[in-house]
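User: I would like to learn how to read the main features of a structural model. Please take them one at a time.

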Amino acid sequence: KPLQPAFLVQPSTGQSNIAINSNVTVVWGTEVYDINADFASNTFTAPVTGKYQLNVSMRIDNLDNATVYYQIELVTSNRSYSIIISTETLDEDAPYGMPFMLSCLADMDASDTAYVRINTHNSGTAQADIHEDSRFSGYLAC
C-alpha cells in the first residue's frame, strides 16, 4: 500500500568499542523489511505526516562499570526520546550487557527523519559493543 511504511532493521555486524562522551549514530546494516523504501543510511524518513510507532531494542555487551550512564536516543526532526541506564552499581564490567528498550508514538511531518544514537558518559574505556541482536522498527500508526 503506498505511503503506509513499515520497517525493521538490525546491524549486519556488531558495532564495537563505542566512543565515549560523544553521540554515536547506530549503524543498521541489514533491512529485514522496508515497505515503501523509506529507510536508508541508518535513517527513516516519513513519507507522509502522521503518528509513527517507533521501537528500539538494543543489546549492548562489554558494559564498563566506570561508565556513569548509557543514554540511548531516538532522534526525530521534532524532538528526541531517550532512556538512561546507570551502570555505576556494577561490581565489575558486564560482558553480556543488558537490553535497552525504547518505544514512542512520534509526531512526524512528511520528510521528517528518525535515527538512533548512543552516548556513553564514561571516565573509563571505549569498550561497549552494540550486538547484532539489536533492532530498530517503525510503522505509520495513524
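Analyst: The turns below cover the core, salt bridges, cysteines, backbone angles and some single residues. This is a predicted model, in which local features need pLDDT of at least 70 and side-chain atom pairs count only at pLDDT 80 or more, while totals for chains, interfaces and linings use all residues. Residues are numbered from 1 along each chain as its sequence is written, and side-chain values use heavy atoms, with hydrogens and water left out.

User: How many residues does the largest nonpolar core have, and which have the most contacts inside it?

Analyst: In soluble globular proteins, nonpolar side chains tend to be buried together. A nonpolar core here is a set of buried Ala, Val, Leu, Ile, Met, Phe, Trp, Tyr and Cys residues joined through side-chain atoms within 4.5 Å. Buried means under 20% relative accessible area, exposed over 50%, and partly exposed in between, with a 1.4 Å probe and protein chains only. The largest such core has 31 residues, and Leu54, Met58, Ile72, Leu74, Val116 and Phe136 have the most contacts inside it. At least two residues of this core come from each of β1 (6-10), β6, β7, β8, β9 and β10. The strand labels follow DSSP runs (helices are H or I, at least four residues; strands are E, at least two), numbered from the N terminus.

User: What is Met58 in contact with?

Analyst: Contact means heavy atoms within 4.5 Å. Beyond its neighbours within four places in sequence, Met58 is in contact with Val26, Trp28, Ile72, Met98, Pro99, Phe100, Val116, Ile130 and Ser134.

User: Where does Leu8 lie, and how far is its C-alpha from that of Phe136?

Analyst: Leu8 is in strand β1. Its C-alpha is 5.8 Å from that of Phe136, although the two are 128 residues apart along the chain. Leu8 counts as buried because its relative accessibility is 19%. Outside the residues up to four places away in sequence, Leu8 touches Thr30, Glu31, Val32, Tyr33, Arg135, Phe136 and Ser137.

User: How many salt bridges does the structure hold?

Analyst: Side chains of opposite charge can pair when their charged atoms come close. The criterion is a side-chain nitrogen of Lys or Arg within 4 Å of a carboxyl oxygen of Asp or Glu. The structure holds four salt bridges. One of them joins Arg117 and Glu73, at 2.8 Å from N to O. This pair links distant parts of the chain, with Arg117 in strand β10 and Glu73 in strand β7 (residues 67-76), 44 residues apart. Both Arg117 and Glu73 are buried.

User: What is the setting of the salt bridge between Asp107 and Lys51?

Analyst: The closest N and O atoms of Asp107 and Lys51 are 3.4 Å apart. Distant parts of the chain are linked here too: Asp107 is in strand β9 (residues 98-108) and Lys51 in strand β6 (residues 50-61), 56 residues apart. Asp107 has a relative accessible area of 29%, so Asp107 is partly exposed. Lys51, at 34%, is partly exposed.

User: Which residues are linked in a network of salt bridges?

Analyst: The network links Arg59, Asp61 and Asp133. Between Arg59 and Asp61 the closest N and O atoms are 3.0 Å apart. Arg59 is partly exposed at 25% relative accessibility, whereas Asp61 is buried at 9%.

User: Why is there no bond between the sulfurs of Cys104 and Cys142?

Analyst: A disulfide is a covalent bond between the sulfur atoms of two cysteines. The test is a pair of cysteine sulfur atoms within 2.5 Å. The sulfur of Cys104 is 13 Å from its closest cysteine sulfur, in Cys142, which is too far for a bond. A search of the whole structure finds zero disulfides. Cys104 is buried, at 8% relative accessibility, and Cys142 is exposed, at 61%.

User: What is phi of Asn17, and what is phi of Asn21?

Analyst: Phi of Asn17 is near 50°, a positive value in a residue other than glycine. For Asn21, also a residue other than glycine, phi is positive and near 55°. Asn17 is found in the loop between β1 and β2 (23-25), and Asn21 has its place in the loop between β1 and β2. Asn17 is partly exposed, with a relative accessible area of 47%.

User: Is Thr120 buried or exposed?

Analyst: Thr120 counts as buried because its relative accessibility is 1%. Thr120 lies in strand β10 (residues 113-122). Its contacts beyond four places in sequence include Asn21, Thr67 and Tyr70.
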